[in-house]
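Please open the structure in your viewer and keep the selection tool at hand. The tour below proceeds stop by stop.

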Amino acid sequence: MEAPSFNPISDIVSGAIMAATSVPQLIAYAETVGYAGYRGLSTAGPPLLAWGFATGSPWMNAGVTSLTAVMAKTDLGGEAYAAQYGEEAYVELVAAYSLYVGVASAVMALVGFGKLAQKAPTAVKTGFKWGCELGVLSSALPNGLYAFGSKLKSNVATSVFGDIVKTVKGVVPGATGVSGVCNILYAVTNPQTWDVVAALLFISCTLFVMKGKAYLPKSLPPGSEVVLATAAATVFSVFYGYEGGVVGEIPTLDGDAGLSLGPIKIPIEVMDIKGLLNVPIAERCFGGSMVKLFITASIFSAINFLSIVGIASGFESDNNVSWSAPRELIAQGVSNIAAGAVGSAPVSGSMSRSLVSRMTGATSKLACIITALLWIYMMPYMSVMSPTPKAALSAVIVSAVVKNVVMPKKLLALKGNDFIVGVGTAVTTAITSPTLGFGAGMVMYIVISAVAGKDSKKKV
């Protein structure tokens, strides 16, 4: 399969399929960030629209992913912040962080980081990916196996696992990931605490999303299994009075609100950018240090860009689609600034959506622009998702990562020093945070490579 020739009809069809099949992910990843699921729907369009105009790839899609959701929540201490200051304040915090990530991306593109990112060690990337996937799994399980996620967290707090969390955080205050790891361990070892209906919904939807494609008509577009699973769960919720957690009310935009470009009315709610710059993000999350904030945002941006590198490199090798690292890093920056402007979490390249775009016949970036516009203009009709069980949305997330978490083939395939670095990065990422894990992995790689180099010289 080679690079496609432009066909606007194919792009419109592909963009529409992407818009429909991605809705469950948008809601699920918003829940992962730590705020109401409807925000994932209301803020997804503008960042993708900005990405569509900036990227040079015909297939690459961008948005909040499982990785960016977990990283943002971890870096900002999402649960604790929302509990202390409220969800609206947390939304402002996340939006402000997206702005900083966007600015950091643009600056890094200008200083040539794009090409350097392509040289990140495979062992570090592999271990980091597994650690983040475990974090994604831990964020989804509370609403999957329990009617309300808070039940698992309260159970863990009063168990031996709660003592482990306190001990680890006492030694390493930044070890926010240990809570998620202990949530998994408690849930797996205490199945008698699961809520039966929520767990059955979660497990059945996970199995269908993972295996259902093989039993569906080949004529259905990729991602149909996700739409069918969430639709079935929603119908069940409505007709059988499901009493567990659901998406809930999806607010509609005020008729007079929105962005006007001459005669064109765009129904999006833009945040007060000046107000976002005054959000006390450094004071409340980074010890009062703007330097620490910008360094963390830069690391976030660098890690994000590795996803884009992987997607673009795959398209280059498979389809001979050339790409520019600086351009795609700038596209990441522009889309994150747009994300901050509308209250979205940081965005990055989405592997799953990019592959679906290719499979559904997209021929240019017009396809993702169509997807973005549909998300923006169809928002008033999304209330149909209000009764969707969170257990079903958790299944969408878990189905994307559980296979690799349970059997990490690429991690286990590493040999010698690479295996040590990979496992060390994976464990550190899972227990502490993505930012600390990636940094620790790079340090391990440099130290072990230096020691190995000295040993080889001695032998010679």
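Leaving aside its neighbours within four places in sequence, with which residues is threonine 32 in contact? Select threonine 32 together with Ala69, Val70, Lys73, Ser139 and Ile397, for these are its contacts, a contact being heavy atoms within 4.5 Å. Before proceeding, note that this is a predicted model, in which local features need pLDDT of at least 70 and side-chain atom pairs count only at pLDDT 80 or more, while totals for chains, interfaces and linings use all residues. Residues are numbered from 1 along each chain as its sequence is written, and side-chain values use heavy atoms, with hydrogens and water left out.

Threonine 32 lies in helix 2 (residues 23–33); helices are DSSP runs of H or I with at least four residues, numbered from the N terminus. With a relative accessible area of 3%, threonine 32 is buried (buried means under 20% relative accessible area, exposed over 50%, partly exposed in between, with a 1.4 Å probe and protein chains only). Now add valine 136: its C-alpha atom is 7.7 Å from that of threonine 32, although 104 residues separate the two along the chain.

Next, select arginine 39 and glutamate 88. They form a salt bridge whose closest N and O atoms are 2.6 Å apart (a side-chain nitrogen of Lys or Arg within 4 Å of a carboxyl oxygen of Asp or Glu). The pair links distant parts of the chain, arginine 39 being in helix 3 (residues 38–42) and glutamate 88 in helix 7. Arginine 39 is buried, at 11% relative accessible area, whereas glutamate 88 is exposed, at 52%. Add Glu87 to see the network of salt bridges that links Arg39, Glu87 and Glu88.

Continue along helix 7 to tyrosine 97. Tyr97 and Ile281 touch the most other members of the largest nonpolar core, which has 133 residues; such a core is a set of buried Ala, Val, Leu, Ile, Met, Phe, Trp, Tyr and Cys residues joined through side-chain atoms within 4.5 Å. Leaving aside neighbours within four places in sequence, the contacts of tyrosine 97 include Ala72, Ile281, Phe300 and Pro346.

Finally, select helix 18 (residues 325–342). Its end C-alpha atoms are 26 Å apart, which agrees with the 26 Å expected for 18 residues (1.5 Å times one less than the number of residues). Helix 18 is mostly covered, with 13 of its 18 residues buried. The tour ends at glycine 343, which follows helix 18 and has a positive phi, near 90°.

Definitions and conventions. Helix = DSSP H or I, 4+ residues; strand = E, 2+ residues; numbered from the N terminus.
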